[in-house]
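Dear colleague,

I am passing the structure below on to you, together with some notes on what came out of going through it. Please read them with the coordinates open beside you.

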Amino acid sequence: MNHMYFSEEHEMFRKSLQEFLQKEVVPHLDKWEEEGTIERFIWKKFGEMGYFGLAYPEKYGGLDLDLFYTIILLEELQKINSGGFAAAIWAHAYLAMTHVNKEGSEEIKEKYLSASISGDMIGCLCITEPFGGSDVAGMKTTAVEKEDSFVINGSKTFITNGVYSDYLVVAAKTAPEKGGKGMSIFIVDRDTPGISATKLNKLGWRASDTAELAFDNVEIPKSHLMGERNQGFPYIMQHFALERLIMGVNAHARAEYAIEYAVQYMSEREAFGQTIDKFQALRHTIAQRSSEVEMAKAFNYTTAKRLDEGEYVVKEATMSKLLSTKIADEVIYDCLQMLGGYGYVEDYPLARMFRDSRLGPIGGGTSEILKEIIAKMVIDNKDYKPAT
């Protein structure tokens with residue numbers, strides 16, 4: 001399947017990325033997981049290697065490469081087994097930076113996109129609210145226009161990089177009376193007075209900082225509005241396809257890693273005079289799970305190809321996230337079982353992976369919400385249109 005989507009250049013990129021991650025990232029992961037802080041030097045190294053610029057214009061220091069370079073980055077980040085580190089990287093490179101690239105003015109891109117690509121600035125995307133969850137249109141945060149500024153009030157939660165980032169891409173209501181049609185996107189500097197961040201203590205994704213944020217009369221220049229006023233909702237929806245596909249790809253990659261690890265373990269672990277990979281019950285579990293992962297992966301690659309060619313794949317990306325994250329959780333559950341008691345010990349990789357994977361069906365749109373979106377498309381013939 002690989003030759004259909006990955007060229008020789010892709011494979012060379014994968015190999016050099018693997019080497020980079022093993023050398024520069026893996027030795028620090030346990031520390032970052034324990035402390036919940038990713039040290040700044042690694043962002044700069046990612047920037048120097050061009051990893052933040054894969055999908056972005058050369059004008060701002062990017063490499064403007066096809067989406068399969070991004071897929072490789074996502075897959076390899078999962079395979080070093082820190083969901084939190086991976087999330088911090090891709091939330092910056094794709095959630096925050098996608099908005100800056102697509103909606104930012106020339107001035108904003110020259111300042112924020114360039115610095116994001118070089119690893120000098122870290123971004124976060126602030127959409128979800130404490131009382132809203134997946135109900136984006138029901139958001140309460142407001143941005144009120146003054147003479148030459150906007151004043152933001154409200155709160156956000158579950159924001160990856162919400163504590164340590166340098167800038168925030170914030171969705172707020174500019175015309176609250178219009179509901180979902182009255183939302184705009186802003187870029188806000190971290191050191192603007194009135195922003196406070198509280199770090200959340202999470203089950204998994206321990207290396208990443210996830211914040212609840214409060215905005216108390218946060219005044220920003222009018223030029224920090226990104227894109228058209230009141231077009232925030234279509235912008236957000238437009239980028240959800242990429243976000244969901246990212247989470248689908250992450251899921252198939254970590255599931256694949258879990259199976260590889262479990263199979264290796266089973267080939268070495270003996271019970272009743274033979275290695276446990278000879279027991280039919282265990283063999284069949286691996287057979288079943290491998291089949292599911294392979295199907296998810298093939299679907300995700302096809303969807304990525306279509307997205308890269310400019311198709312609007314919101315339905316397929318939603319399906320990708322729904323099924324891939326469910327499959328990953330079941331695969332990792334079973335792979336942990338293969339290790340017996342060792343599966344439950346933090347010194348072995350499956351325990352962390354088990355915790356990290358559990359966010360898959362929750363973050364970036366819960367599975368329940370995704371099913372409703374798919375139902376609307378499949379049953380009610382609803383057509384979600386991209387922003388014009």
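A residue is called buried here when its relative accessible area is under 20%, exposed when that area is over 50%, and partly exposed in between. Please also keep in mind that this is a predicted model.

With that cut-off, strand S1 (residues 123-126) has Gly123 and Leu125 pointing one way and Cys124 and Cys126 pointing the other way, and all of them are buried. S1 runs parallel to strand S4 (residues 167-173), to which four bridges join it, and within S4 the bridge partner of Cys126 is Val170. Another strand, S3 (residues 149-160), contains Lys156, which counts as buried because its relative accessibility is 0%. The side chain of Lys156 makes a polar contact, at 3.0 Å, with the side chain of Glu129.

Turning to the C-terminal part, the unreviewed UniProt entry carries the annotation "domain: Acyl-CoA dehydrogenase/oxidase C-terminal" for residues 230-378. In the model this span is 75% helix and 3% strand, and its end C-alpha atoms lie 29 Å apart.

Helix H8 (residues 280-308) has 29 residues and reaches 42 Å from its first C-alpha to its last, which is close to the 42 Å expected at 1.5 Å a residue. Its buried residues include Ile286, Val293, Ala296, Asn300 and Ala304, but also the charged-type side chains Arg289, Glu292 and Lys297. As a reminder, an α-helix has 3.6 residues a turn, so residues three or four places apart point the same way. Among the elements that cover the buried residues of H8 are helix H1 (2-5), helix H4 (67-78), helix H7 (232-268) and helix H9 (314-338). Two of the buried residues, Arg289 and Glu292, are linked with Lys326, Glu330 and Asp334 in a network of salt bridges. Just after H8, Gly310 takes a positive phi of about 90°.

The structure holds 27 salt bridges, and some of them may be worth inspecting individually. In one, the side chains of Arg352 and Glu33 meet at 3.6 Å, N to O; this pair links distant parts of the chain, with Arg352 in helix H10 (residues 349-357) and Glu33 in helix H2 (residues 8-35), 319 residues apart. Arg352 counts as buried because its relative accessibility is 15%, and Glu33 counts as buried because its value is 8%.

Another salt bridge joins Lys44 to Asp120, the closest N and O atoms being 3.3 Å apart. Here Lys44 belongs to helix H3 (residues 41-49) and Asp120 to the loop between helix H6 (106-117) and S1, 76 residues apart. Lys44, at 31% relative accessibility, counts as partly exposed, and Asp120 is likewise partly exposed, with a relative accessible area of 41%.

Lys146 forms a salt bridge with Glu219, with 3.7 Å between the closest N and O atoms. That pair connects the loop between strand S2 (142-145) and S3, where Lys146 lies, to strand S7 (residues 210-221), where Glu219 lies, 73 residues apart. Lys146 counts as partly exposed at 44% relative accessibility, and Glu219 is partly exposed at 41%.

With best regards

Terms used:
Residues are numbered from 1 along each chain as its sequence is written. This is a predicted model: local features need pLDDT of at least 70, side-chain atom pairs count only at pLDDT 80 or more; totals for chains, interfaces and linings use all residues. Side-chain values use heavy atoms; hydrogens and water are left out. UniProt positions are given in the numbering used here, feature names are shortened, and annotations may be inferred rather than shown by experiment. The expected span of a helix is 1.5 Å times one less than its number of residues. Buried means under 20% relative accessible area, exposed over 50%, partly exposed in between (1.4 Å probe, protein chains only). Contact means heavy atoms within 4.5 Å. A polar contact is a pair of N or O atoms within 3.5 Å; within protein, one must be able to donate a hydrogen and the other to accept it, and residues adjacent in sequence count only if both atoms are side-chain atoms. Two strands pair if DSSP finds at least two bridges between them. A salt bridge is a side-chain nitrogen of Lys or Arg within 4 Å of a carboxyl oxygen of Asp or Glu.
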